[in-house]
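Colleague: I should like to go through this structure with you, one part at a time. Shall we begin once it is on the screen?

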Amino acid sequence: MEADRVGGEHSAPDSPEVARAVEILLDGGLVAFPTETVYGLGADASNAEAVASIYRTKGRPPNIPLIVHLACAEAAVEWSAALPPAFSRLAAAFWPGPLALVVFASPRARAVTAGLPTVALRVPRHPLALRLLRAFGGGLAAPSANRYGRVSPTTADDVRQDLGPDSPFILDGGACEVGVESTVLDLSTEPPTLLRKGAVTRQHIEEVLGQGIDEGSEGGAGPHRSPGLSTSHYAPRARVELHGPADAAGHCIALATTAESWGFIGPRSAAPPGLDNGRLVVLSDEPDAYARGIYAALREADRRGWSRVLVVPPDEAGLGAAVRDRLSRAARR
Ligand code: TXA
Ligand code: MG
(Lines give C-alpha, C1' and ligand atoms only; values in the text may rest on other atoms or scores of the structure.)
(Ligands and ions follow the chains in the order given, each with its own letter.)
Protein backbone atom coordinates (compact mmCIF):
# COMPACT_ATOMS: atom_id res chain seq x y z
CA MET A 1 0.00 0.00 0.00
CA GLU A 2 2.78 2.38 1.10
CA ALA A 3 4.39 2.20 -2.33
CA ASP A 4 1.09 3.18 -3.92
CA ARG A 5 0.96 6.58 -2.30
CA VAL A 6 2.83 9.17 -4.29
CA GLY A 7 1.98 12.76 -3.51
CA GLY A 8 5.29 14.55 -3.27
CA GLU A 9 7.20 15.76 -0.23
CA HIS A 10 6.68 13.54 2.77
CA SER A 11 7.15 14.56 6.42
CA ALA A 12 5.88 13.46 9.84
CA PRO A 13 2.52 14.85 11.06
CA ASP A 14 3.16 18.09 12.96
CA SER A 15 0.02 18.10 15.16
CA PRO A 16 -2.36 15.58 16.74
CA GLU A 17 -5.15 16.69 14.34
CA VAL A 18 -3.03 16.10 11.26
CA ALA A 19 -1.84 12.75 12.68
CA ARG A 20 -5.46 11.70 13.24
CA ALA A 21 -6.44 12.80 9.73
CA VAL A 22 -3.60 10.78 8.19
CA GLU A 23 -4.61 7.72 10.22
CA ILE A 24 -8.18 7.99 8.89
CA LEU A 25 -7.01 8.45 5.30
CA LEU A 26 -4.64 5.47 5.50
CA ASP A 27 -7.56 3.44 6.76
CA GLY A 28 -9.61 4.36 3.65
CA GLY A 29 -11.75 6.99 5.43
CA LEU A 30 -12.73 10.56 4.57
CA VAL A 31 -11.33 13.80 5.98
CA ALA A 32 -12.64 17.29 5.25
CA PHE A 33 -9.87 19.87 5.03
CA PRO A 34 -9.54 23.55 4.17
CA THR A 35 -8.02 24.80 0.94
CA GLU A 36 -7.59 28.43 -0.07
CA THR A 37 -10.68 28.13 -2.33
CA VAL A 38 -13.29 26.03 -0.48
CA TYR A 39 -13.25 23.03 1.92
CA GLY A 40 -12.54 19.67 0.30
CA LEU A 41 -13.83 16.18 1.11
CA GLY A 42 -10.63 14.16 0.90
CA ALA A 43 -9.78 10.49 0.42
CA ASP A 44 -6.72 8.53 -0.69
CA ALA A 45 -6.83 9.02 -4.47
CA SER A 46 -5.20 5.66 -5.13
CA ASN A 47 -7.78 3.74 -3.06
CA ALA A 48 -10.85 2.99 -5.22
CA GLU A 49 -13.06 2.12 -2.24
CA ALA A 50 -12.16 5.29 -0.38
CA VAL A 51 -12.89 7.31 -3.53
CA ALA A 52 -16.24 5.52 -3.91
CA SER A 53 -17.23 6.71 -0.45
CA ILE A 54 -16.66 10.34 -1.53
CA TYR A 55 -19.29 9.82 -4.25
CA ARG A 56 -21.68 8.18 -1.79
CA THR A 57 -21.29 10.88 0.86
CA LYS A 58 -21.80 13.73 -1.62
CA GLY A 59 -24.52 12.01 -3.60
CA ARG A 60 -22.44 12.83 -6.65
CA PRO A 61 -23.12 11.11 -10.00
CA PRO A 62 -20.32 8.67 -10.86
CA ASN A 63 -19.57 10.30 -14.22
CA ILE A 64 -18.01 13.45 -12.69
CA PRO A 65 -14.25 13.13 -12.13
CA LEU A 66 -12.35 14.35 -9.05
CA ILE A 67 -9.31 16.60 -8.64
CA VAL A 68 -6.16 14.99 -7.15
CA HIS A 69 -4.45 17.27 -4.65
CA LEU A 70 -0.67 16.97 -4.31
CA ALA A 71 1.97 18.40 -1.95
CA CYS A 72 4.17 19.62 -4.81
CA ALA A 73 4.33 19.82 -8.61
CA GLU A 74 7.06 17.14 -8.82
CA ALA A 75 4.53 14.48 -7.80
CA ALA A 76 2.46 15.16 -10.96
CA VAL A 77 4.59 12.80 -13.07
CA GLU A 78 3.24 9.85 -11.07
CA TRP A 79 -0.37 10.72 -11.89
CA SER A 80 0.09 11.74 -15.50
CA ALA A 81 0.93 9.82 -18.66
CA ALA A 82 2.53 12.89 -20.26
CA LEU A 83 3.10 16.44 -19.06
CA PRO A 84 3.06 19.07 -21.83
CA PRO A 85 5.52 22.01 -21.68
CA ALA A 86 2.66 24.31 -20.65
CA PHE A 87 2.25 22.24 -17.48
CA SER A 88 5.60 23.14 -15.92
CA ARG A 89 5.25 26.82 -16.81
CA LEU A 90 1.80 27.07 -15.24
CA ALA A 91 2.75 24.99 -12.19
CA ALA A 92 5.82 27.19 -11.63
CA ALA A 93 3.70 30.35 -11.95
CA PHE A 94 0.58 29.38 -9.96
CA TRP A 95 1.27 26.42 -7.64
CA PRO A 96 0.66 26.17 -4.82
CA GLY A 97 -2.57 27.95 -5.70
CA PRO A 98 -6.14 27.89 -7.05
CA LEU A 99 -5.50 26.27 -10.45
CA ALA A 100 -6.37 22.67 -11.40
CA LEU A 101 -4.56 21.37 -14.49
CA VAL A 102 -6.10 18.59 -16.60
CA VAL A 103 -3.52 16.30 -18.21
CA PHE A 104 -3.50 12.76 -19.65
CA ALA A 105 -3.79 10.32 -16.75
CA SER A 106 -1.48 7.51 -15.66
CA PRO A 107 -3.01 4.19 -14.45
CA ARG A 108 -2.47 5.38 -10.85
CA ALA A 109 -5.27 7.93 -11.35
CA ARG A 110 -7.92 5.49 -12.53
CA ALA A 111 -10.11 5.73 -9.38
CA VAL A 112 -10.74 9.47 -9.87
CA THR A 113 -11.11 9.97 -13.64
CA ALA A 114 -14.67 8.67 -14.05
CA GLY A 115 -13.45 6.79 -17.11
CA LEU A 116 -11.90 9.81 -18.87
CA PRO A 117 -8.38 9.58 -20.32
CA THR A 118 -7.44 12.69 -18.32
CA VAL A 119 -6.94 13.68 -14.66
CA ALA A 120 -7.12 17.07 -12.91
CA LEU A 121 -4.20 17.89 -10.57
CA ARG A 122 -3.74 20.74 -8.13
CA VAL A 123 -1.34 21.83 -5.36
CA PRO A 124 -3.43 23.94 -2.95
CA ARG A 125 -1.82 26.76 -0.97
CA HIS A 126 -3.68 26.60 2.35
CA PRO A 127 -0.97 25.84 4.96
CA LEU A 128 -3.10 23.20 6.70
CA ALA A 129 -3.85 21.45 3.37
CA LEU A 130 -0.12 21.36 2.61
CA ARG A 131 0.70 20.02 6.09
CA LEU A 132 -1.90 17.29 5.61
CA LEU A 133 -0.65 16.40 2.12
CA ARG A 134 2.97 16.20 3.28
CA ALA A 135 2.10 14.04 6.27
CA PHE A 136 -0.14 11.76 4.19
CA GLY A 137 2.49 11.42 1.50
CA GLY A 138 -0.01 10.58 -1.25
CA GLY A 139 -2.50 12.21 -3.59
CA LEU A 140 -5.82 13.28 -2.08
CA ALA A 141 -8.95 13.15 -4.20
CA ALA A 142 -11.11 16.02 -2.98
CA PRO A 143 -14.26 17.58 -4.38
CA SER A 144 -15.86 20.46 -2.50
CA ALA A 145 -17.22 19.12 0.81
CA ASN A 146 -20.91 19.74 0.08
CA ARG A 147 -23.80 17.58 -1.09
CA TYR A 148 -23.99 17.38 -4.85
CA GLY A 149 -25.41 20.51 -6.47
CA ARG A 150 -25.31 22.65 -3.31
CA VAL A 151 -23.21 25.69 -2.44
CA SER A 152 -19.54 24.92 -1.67
CA PRO A 153 -18.49 25.24 2.01
CA THR A 154 -16.07 28.00 3.01
CA THR A 155 -15.90 27.21 6.76
CA ALA A 156 -15.71 24.00 8.84
CA ASP A 157 -19.19 24.80 10.15
CA ASP A 158 -20.58 24.90 6.60
CA VAL A 159 -19.25 21.36 6.07
CA ARG A 160 -20.87 20.16 9.29
CA GLN A 161 -24.20 21.76 8.42
CA ASP A 162 -24.25 20.51 4.86
CA LEU A 163 -23.13 16.92 5.46
CA GLY A 164 -24.91 16.58 8.82
CA PRO A 165 -24.68 13.06 10.23
CA ASP A 166 -22.41 12.05 7.34
CA SER A 167 -19.80 14.66 8.33
CA PRO A 168 -16.32 13.14 8.44
CA PHE A 169 -13.40 14.22 10.65
CA ILE A 170 -12.84 17.90 9.80
CA LEU A 171 -9.59 19.84 9.95
CA ASP A 172 -10.62 23.40 10.82
CA GLY A 173 -8.49 26.03 9.10
CA GLY A 174 -10.86 28.98 9.45
CA ALA A 175 -12.63 30.75 6.60
CA CYS A 176 -11.30 30.20 3.07
CA GLU A 177 -9.23 33.01 1.61
CA VAL A 178 -10.53 32.87 -1.99
CA GLY A 179 -14.12 31.70 -1.50
CA VAL A 180 -14.90 30.17 -4.92
CA GLU A 181 -13.56 26.96 -6.49
CA SER A 182 -10.27 26.77 -8.40
CA THR A 183 -9.78 27.60 -12.05
CA VAL A 184 -9.86 24.37 -14.13
CA LEU A 185 -7.67 24.42 -17.26
CA ASP A 186 -7.57 21.50 -19.70
CA LEU A 187 -4.05 20.97 -21.06
CA SER A 188 -5.05 17.91 -23.11
CA THR A 189 -6.32 20.23 -25.86
CA GLU A 190 -4.31 22.57 -28.06
CA PRO A 191 -4.74 25.41 -27.31
CA PRO A 192 -5.64 24.71 -23.66
CA THR A 193 -9.31 25.07 -22.68
CA LEU A 194 -10.60 27.00 -19.69
CA LEU A 195 -13.24 24.70 -18.15
CA ARG A 196 -14.02 26.63 -14.96
CA LYS A 197 -13.30 30.26 -14.08
CA GLY A 198 -11.52 31.02 -10.80
CA ALA A 199 -8.93 33.21 -9.11
CA VAL A 200 -6.35 32.43 -11.79
CA THR A 201 -7.89 34.30 -14.71
CA ARG A 202 -7.73 33.70 -18.45
CA GLN A 203 -5.48 36.76 -18.72
CA HIS A 204 -3.05 35.43 -16.07
CA ILE A 205 -2.81 32.13 -17.95
CA GLU A 206 -2.37 33.72 -21.38
CA GLU A 207 0.40 35.96 -20.03
CA VAL A 208 2.36 32.99 -18.70
CA LEU A 209 1.81 30.85 -21.81
CA GLY A 210 2.28 33.67 -24.31
CA GLN A 211 -0.66 32.25 -26.30
CA GLY A 212 -4.44 32.48 -26.37
CA ILE A 213 -6.58 29.79 -24.75
CA ASP A 214 -10.09 28.53 -25.56
CA GLU A 215 -13.13 28.78 -23.35
CA GLY A 216 -15.08 25.55 -22.80
CA SER A 217 -18.65 25.51 -24.03
CA GLU A 218 -20.49 24.46 -20.94
CA GLY A 219 -23.08 21.70 -21.09
CA GLY A 220 -22.71 20.92 -24.78
CA ALA A 221 -21.32 17.73 -26.27
CA GLY A 222 -17.80 17.43 -27.62
CA PRO A 223 -14.29 17.48 -26.26
CA HIS A 224 -14.55 20.86 -24.55
CA ARG A 225 -17.19 19.82 -22.13
CA SER A 226 -16.30 19.44 -18.45
CA PRO A 227 -18.53 16.76 -16.95
CA GLY A 228 -19.00 18.56 -13.64
CA LEU A 229 -20.07 21.95 -14.89
CA SER A 230 -23.82 21.54 -15.21
CA THR A 231 -26.06 24.54 -14.68
CA SER A 232 -27.63 23.02 -11.57
CA HIS A 233 -24.50 23.66 -9.48
CA TYR A 234 -23.80 26.27 -6.83
CA ALA A 235 -27.46 26.85 -6.02
CA PRO A 236 -29.10 27.71 -2.69
CA ARG A 237 -32.68 26.60 -2.04
CA ALA A 238 -33.92 30.15 -2.70
CA ARG A 239 -34.62 31.05 -6.34
CA VAL A 240 -31.80 33.32 -7.55
CA GLU A 241 -32.61 36.32 -9.78
CA LEU A 242 -29.79 38.45 -11.17
CA HIS A 243 -30.20 42.21 -11.58
CA GLY A 244 -28.02 45.14 -12.60
CA PRO A 245 -27.14 47.68 -9.92
CA ALA A 246 -29.40 50.26 -11.54
CA ASP A 247 -32.66 48.30 -11.48
CA ALA A 248 -32.34 46.31 -8.22
CA ALA A 249 -34.06 48.98 -6.16
CA GLY A 250 -37.06 49.05 -8.52
CA HIS A 251 -37.51 45.29 -8.22
CA CYS A 252 -37.34 45.54 -4.43
CA ILE A 253 -40.08 48.20 -4.44
CA ALA A 254 -42.23 45.95 -6.62
CA LEU A 255 -41.69 43.00 -4.27
CA ALA A 256 -42.43 45.02 -1.13
CA THR A 257 -46.17 44.42 -1.57
CA THR A 258 -45.96 40.63 -1.99
CA ALA A 259 -46.35 38.17 0.85
CA GLU A 260 -43.44 36.12 -0.51
CA SER A 261 -40.25 35.78 1.57
CA TRP A 262 -37.46 37.44 -0.34
CA GLY A 263 -34.25 39.35 0.16
CA PHE A 264 -31.32 41.10 -1.51
CA ILE A 265 -27.64 40.13 -1.85
CA GLY A 266 -25.22 42.55 -3.47
CA PRO A 267 -22.45 45.11 -3.15
CA ARG A 268 -22.89 47.92 -0.66
CA SER A 269 -23.22 50.53 -3.43
CA ALA A 270 -26.18 48.68 -5.01
CA ALA A 271 -28.12 48.00 -1.80
CA PRO A 272 -31.60 49.53 -2.23
CA PRO A 273 -31.97 52.44 0.20
CA GLY A 274 -34.48 51.98 3.00
CA LEU A 275 -34.56 48.17 2.71
CA ASP A 276 -35.09 46.50 6.09
CA ASN A 277 -31.92 44.85 7.47
CA GLY A 278 -33.73 41.53 7.64
CA ARG A 279 -33.99 41.51 3.84
CA LEU A 280 -30.42 42.53 3.20
CA VAL A 281 -27.07 40.70 2.94
CA VAL A 282 -24.47 43.27 1.94
CA LEU A 283 -21.17 42.28 0.33
CA SER A 284 -18.11 44.31 -0.63
CA ASP A 285 -17.94 46.53 -3.73
CA GLU A 286 -14.50 45.03 -4.34
CA PRO A 287 -14.91 41.81 -6.43
CA ASP A 288 -12.33 39.63 -4.59
CA ALA A 289 -13.85 40.47 -1.20
CA TYR A 290 -17.34 39.91 -2.68
CA ALA A 291 -16.13 36.43 -3.78
CA ARG A 292 -15.00 35.59 -0.24
CA GLY A 293 -18.51 36.28 1.03
CA ILE A 294 -20.85 35.09 -1.72
CA TYR A 295 -21.29 31.44 -0.68
CA ALA A 296 -21.87 32.45 2.95
CA ALA A 297 -24.45 34.97 1.69
CA LEU A 298 -26.31 32.31 -0.33
CA ARG A 299 -26.33 30.05 2.74
CA GLU A 300 -27.63 32.97 4.79
CA ALA A 301 -30.51 33.40 2.31
CA ASP A 302 -31.50 29.79 3.02
CA ARG A 303 -31.07 30.25 6.77
CA ARG A 304 -33.48 33.17 6.63
CA GLY A 305 -35.95 31.03 4.71
CA TRP A 306 -36.14 33.29 1.65
CA SER A 307 -37.84 31.64 -1.32
CA ARG A 308 -36.52 34.29 -3.69
CA VAL A 309 -33.29 36.28 -3.67
CA LEU A 310 -32.39 39.30 -5.80
CA VAL A 311 -28.64 39.28 -6.45
CA VAL A 312 -26.54 42.10 -7.89
CA PRO A 313 -23.27 40.47 -9.09
CA PRO A 314 -19.83 42.10 -8.65
CA ASP A 315 -17.83 43.80 -11.42
CA GLU A 316 -15.93 41.53 -13.86
CA ALA A 317 -12.48 42.42 -12.45
CA GLY A 318 -10.36 39.82 -10.61
CA LEU A 319 -12.58 37.11 -9.11
CA GLY A 320 -15.68 38.97 -10.33
CA ALA A 321 -15.83 36.92 -13.55
CA ALA A 322 -15.76 33.62 -11.62
CA VAL A 323 -18.48 34.80 -9.23
CA ARG A 324 -20.68 36.01 -12.11
CA ASP A 325 -20.24 32.61 -13.73
CA ARG A 326 -21.35 30.73 -10.55
CA LEU A 327 -24.27 33.12 -10.00
CA SER A 328 -25.56 32.78 -13.54
CA ARG A 329 -25.58 28.98 -13.09
CA ALA A 330 -27.44 29.35 -9.79
CA ALA A 331 -29.99 31.59 -11.52
CA ARG A 332 -30.55 29.11 -14.38
CA ARG A 333 -31.27 26.21 -12.09
O1 TXA B 1 -11.22 24.65 -5.57
C2 TXA B 1 -11.36 23.45 -5.85
O3 TXA B 1 -10.97 22.95 -6.93
C4 TXA B 1 -12.02 22.55 -4.79
C5 TXA B 1 -11.03 22.35 -3.65
C6 TXA B 1 -11.52 21.38 -2.62
O7 TXA B 1 -9.79 21.98 -4.16
N8 TXA B 1 -12.43 21.32 -5.37
C9 TXA B 1 -13.46 21.25 -6.25
O10 TXA B 1 -13.72 19.97 -6.70
O11 TXA B 1 -14.10 22.22 -6.61
P12 TXA B 1 -15.07 19.56 -7.46
O13 TXA B 1 -14.96 18.09 -7.61
O14 TXA B 1 -16.23 20.12 -6.75
O15 TXA B 1 -14.89 20.20 -8.87
C16 TXA B 1 -13.92 19.67 -9.77
C17 TXA B 1 -14.21 20.09 -11.18
C18 TXA B 1 -15.46 19.41 -11.71
O19 TXA B 1 -16.23 20.37 -12.38
C20 TXA B 1 -14.92 18.38 -12.66
O21 TXA B 1 -15.77 18.12 -13.74
C22 TXA B 1 -13.62 19.00 -13.13
O23 TXA B 1 -13.12 19.70 -12.02
N24 TXA B 1 -12.70 17.95 -13.52
C25 TXA B 1 -12.07 17.07 -12.72
N26 TXA B 1 -11.34 16.19 -13.46
C27 TXA B 1 -11.53 16.53 -14.74
C28 TXA B 1 -11.06 16.01 -15.99
N29 TXA B 1 -10.26 14.95 -16.05
N30 TXA B 1 -11.47 16.61 -17.13
C31 TXA B 1 -12.29 17.69 -17.07
N32 TXA B 1 -12.77 18.23 -15.94
C33 TXA B 1 -12.41 17.66 -14.79
MG1 MG C 1 -18.09 21.15 -6.15
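**Helices, strands and a buried alanine**

Modeller: Just after helix 5, Gly 137 has a positive phi of about 80 degrees. Please bear in mind that this is a predicted model.

Colleague: Is helix 5 mostly covered or mostly uncovered?

Modeller: Helix 5 is mostly covered, with seven of its ten residues buried.

Colleague: Which residues of helix 5 are buried?

Modeller: They are Leu 128, Ala 129, Leu 130, Leu 132, Leu 133, Ala 135 and Phe 136.

Colleague: And what covers them?

Modeller: The cover includes helix 1, strand 1 (31-33), strand 2 (40-44), strand 3 (67-69) and strand 7 (140-141).

Colleague: How do the axes of helix 1 and helix 5 cross?

Modeller: The axes of helix 1 (residues 16-26) and helix 5 (residues 127-136) come within 9 Å and cross at roughly 55 degrees. Helix 1 is therefore oblique to helix 5. The crossing of helix 1 past helix 5 is right-handed.

Colleague: Which residues make that contact?

Modeller: From helix 1 they are Val 18, Ala 21, Val 22, Leu 25 and Leu 26, and from helix 5 they are Leu 128, Arg 131, Leu 132, Ala 135 and Phe 136. By class, the residues of this contact are nine nonpolar, no polar and one charged.

Colleague: Strand 1 was in your list of covering elements. Where does Ala 32 lie?

Modeller: Ala 32 lies in strand 1. Ala 32 is buried, and its relative accessible area is 0%.

Colleague: Leaving aside neighbours within four places in sequence, what is Ala 32 in contact with?

Modeller: With those neighbours set aside, Ala 32 is in contact with Gly 40, Leu 41, Val 159, Pro 168, Phe 169, Ile 170 and Leu 171. In addition, 6.6 Å separates the C-alpha atoms of Ala 32 and Ala 145, which are 113 residues apart along the chain.

Colleague: Let us change topic to strand 5. Why is strand 5 described as largely enclosed?

Modeller: Strand 5 (residues 99-105) is largely enclosed by the rest of the structure because five of its seven residues are buried.

Colleague: Which way does strand 5 run relative to strand 9, parallel or antiparallel?

Modeller: Strand 5 and strand 9 (residues 183-186) run parallel and are joined by four bridges. Leu 99 stands opposite Thr 183 in strand 9.

Colleague: What about strand 6 and strand 4?

Modeller: Strand 6 (residues 118-122) runs antiparallel to strand 5, again with four bridges, and Leu 101 stands opposite Leu 121 in strand 6. Strand 4 (residues 80-82) also pairs with strand 5 in the antiparallel sense, over two bridges. There, Ser 80 has Ala 105 of strand 5 as its bridge partner.

Colleague: One more sheet, please. In what order do the four strands of the open sheet stand?

Modeller: The order is 12-15-13-14, and the pairing is parallel. Strand 12 (239-242) and strand 14 (280-283) stand at the edges with a single partner strand each, so one side of each has no neighbour in the sheet. From one strand to the next, the twist averages 20 degrees.

Colleague: Which helix packs on that sheet?

Modeller: Helix 8 (residues 248-255) packs on the sheet and touches strand 13 and strand 15 (308-311). The direction of helix 8 makes about 160 degrees with that of strand 15.

Colleague: And how many bridges join strand 13 to strand 14?

Modeller: Four bridges join strand 13 (residues 262-267) to strand 14, and the two run parallel. In this pair, Ile 265 stands opposite Val 281 in strand 14.

Definitions and conventions: Residues numbered from 1 in each chain as written. Chains lettered and ligands numbered in written order. Predicted model: local features only at pLDDT ≥ 70, side-chain atom pairs only at ≥ 80, totals over all residues. Heavy atoms only, no water. Pairing = 2+ DSSP bridges. Axes fitted to C-alpha atoms, helices over the stretch in contact; angles between N-to-C directions. Contact = heavy atoms within 4.5 Å. Parallel < 35°, antiparallel > 145°, perpendicular 65-115°, else oblique. Left-handed = near helix turned anticlockwise from the far one by under 90°. Nonpolar A, V, L, I, M, F, W, Y, C, P; charged D, E, K, R; others polar. Buried < 20%, exposed > 50% of the residue type's maximum accessible area, 1.4 Å probe, protein only.
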